[in-house]
Amino acid sequence: MKNIKILIVDNDRNVRDVIKLLLVNEGFTVDESGDGNEALDIFSIHNYSLISLDVMLPGLDGWTVCKKIRERSNIPIIILTARDEEYAKLLGFELGVDDYITKPFSPKEVVARIKAVLKRANIIPLSEESFLKTDKIRINPSTREVYLDDKELKLTPKEYTLLYHFVKYKDQVFTREELLTEVWGYDFYGDLRTVDTHIKQIREKLGEYKKYISTVWGVGYKFKVR
């Protein structure tokens, strides 16, 4: 994610460290701050693509920081806070935040939602993602076309997203819960059997190559080229 720089503002160093590690592993450049005044100073001298902002901060609170940033920038802002009251969420969206995440949270969910906001803002164009190819499968993210043995494979939108996720993270084991979160999205509350059904459909379309998606008994699934 070249030239995509994110500022994490949180009074909890552990939160900053975990989210920063995951974002850096995704290729982002990350700065951090635990103080509202310092965050504004850092923001004024750097060009960021997104800010993750806590509400309970020393110095200036997150609401004030958000207001001051909104006076001069439309940069995407995600509120990350322990305050889950409805009025706090409404205040956040009235101030123009792009997402609101309450603690406790899954760090992977935070990263997924950061990426989703960046994509909605066209900061991560789909066309910039790498072309994926593994053995008999080729995936073109810019057109969402999948080819198996050079023949186009007709997939539903969710089948495409699931297969793309498997190929991108091949050899990594995913639980059904992780796939629901990372493929269906954080706001999907479907039955775990939804994952099994879609994997069954993808396997049928892969034909003799259905072995690429293997079941890890008692855990979940992984994509592996044998």
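Here are five short exercises with worked solutions on this predicted model.

**Exercise 1. A site marked in a record**

Find where Asp54 is placed, and decide whether Asp54 is buried or exposed.

*Solution.*
Step 1: Begin with the record. UniProt, in an unreviewed entry, gives Asp54 the feature "modified residue: 4-aspartylphosphate".
Step 2: Now locate the residue. Asp54 sits in the loop that lies between strand S3 (50-53) and helix H3 (62-70).
Step 3: Check the accessibility. Buried means under 20% relative accessible area. Asp54 has 2% relative accessibility, so Asp54 counts as buried.
Step 4: Look at the surroundings. Setting aside residues up to four places away in sequence, Asp54 touches Val9, Asp10, Asn11, Gly62, Leu80, Thr81 and Lys103.

**Exercise 2. A loop residue and its distant partners**

Work out which residues Ser49 is in contact with, leaving aside neighbours within four places in sequence.

*Solution.*
Step 1: Place the residue. Ser49 belongs to the loop between helix H2 (36-45) and S3.
Step 2: Test for burial. The relative accessibility of Ser49 is 12%, so this residue counts as buried.
Step 3: List the contacts. Apart from those sequence neighbours, Ser49 is in contact with Asn3, Ile4, Lys5, Ile75, Pro76, Leu118 and Ile123.
Step 4: Compare chain and space. Ser49 and Ile6 are 43 residues apart along the chain, while their C-alpha atoms are separated by 5.8 Å.

**Exercise 3. Following the strands**

Trace the pairings from S7 to S9, and say how many bridges join S7 to S8.

*Solution.*
Step 1: Take S7 (residues 137-140) and S8 (residues 145-148). These strands run antiparallel and are joined by four bridges. One bridge to look for has Asn140 with Glu145 in S8 as its partner.
Step 2: Move on to S9 (residues 151-153). S8 and S9 pair in the antiparallel sense, over three bridges. Here Tyr147 stands opposite Glu152 in S9.
Step 3: Inspect the turn. The hairpin of S8 and S9 has two residues between the strands, and Asp149 takes a positive phi near 55 degrees in this hairpin.

**Exercise 4. An open sheet of three strands**

Given the open sheet with the order S10-S12-S11, explain which strands stand at the edges.

*Solution.*
Step 1: Recall the general picture. Strands of a sheet pair through backbone hydrogen bonds, in a parallel or an antiparallel way. In this sheet the pairing is antiparallel.
Step 2: Find the edges. Strand S10 (174-175) and strand S11 (213-216) each have a single partner strand and stand at the edges, so one side of each has no neighbour in the sheet.
Step 3: See what packs on the sheet. Helix H6 (residues 157-168) touches S10, S11 and S12, and the direction of H6 makes about 70 degrees with that of S12.
Step 4: Examine the S10 pairing. Two bridges connect S10 and S12 (residues 220-223) in the antiparallel sense. Thr175 stands opposite Gly220 in S12, and Phe174 stands opposite Tyr221 in S12.
Step 5: Turn to the S11 pairing. S11 and S12 are antiparallel and pair over four bridges. Thr215 stands opposite Tyr221 in S12. The hairpin of S11 and S12 has three residues between the strands, and there Gly218 takes a positive phi near 80 degrees.

**Exercise 5. Two helices meeting H8**

Describe how H7 and H6 pack against H8, then find the place of His198.

*Solution.*
Step 1: Start with H7 (residues 176-184) and H8 (residues 193-206). Their axes lie 9 Å apart, at an angle of about 75 degrees. Angles of 65 to 115 degrees count as roughly perpendicular, so H7 is roughly perpendicular to H8.
Step 2: Name the residues. Arg176, Leu179, Leu180 and Trp184 of H7 meet Thr194, Val195, Asp196, His198 and Ile199 of H8. By class, this contact of H7 with H8 has five nonpolar, two polar and two charged residues.
Step 3: Repeat for H6. The axes of H6 and H8 come within 10 Å and cross at roughly 80 degrees, and these helices are therefore roughly perpendicular to each other.
Step 4: Name this contact too. Lys158, Glu159, Leu162, Leu163 and Phe166 of H6 make the contact with His198, Ile199, Gln201, Ile202 and Lys205 of H8. The contact of H6 with H8 divides into five nonpolar, two polar and three charged residues.
Step 5: Focus on His198, which lies in helix H8. With a relative accessible area of 16%, His198 is buried. Apart from neighbours within four places in sequence, His198 is in contact with Lys158, Glu159, Leu162 and Trp184.

Methods
Residues are numbered from 1 along each chain as its sequence is written. This is a predicted model: local features need pLDDT of at least 70, side-chain atom pairs count only at pLDDT 80 or more; totals for chains, interfaces and linings use all residues. Side-chain values use heavy atoms; hydrogens and water are left out. Axes are lines fitted to C-alpha atoms, for helices over the stretch in contact, and angles run from 0 to 180 degrees between N-to-C directions. Angles under 35 degrees count as roughly parallel, over 145 as roughly antiparallel, 65 to 115 as roughly perpendicular and the rest as oblique. Contact means heavy atoms within 4.5 Å. Ala, Val, Leu, Ile, Met, Phe, Trp, Tyr, Cys and Pro count as nonpolar, Asp, Glu, Lys and Arg as charged, and the others, Gly among them, as polar. UniProt positions are given in the numbering used here, feature names are shortened, and annotations may be inferred rather than shown by experiment. Buried means under 20% relative accessible area, exposed over 50%, partly exposed in between (1.4 Å probe, protein chains only). Two strands pair if DSSP finds at least two bridges between them.
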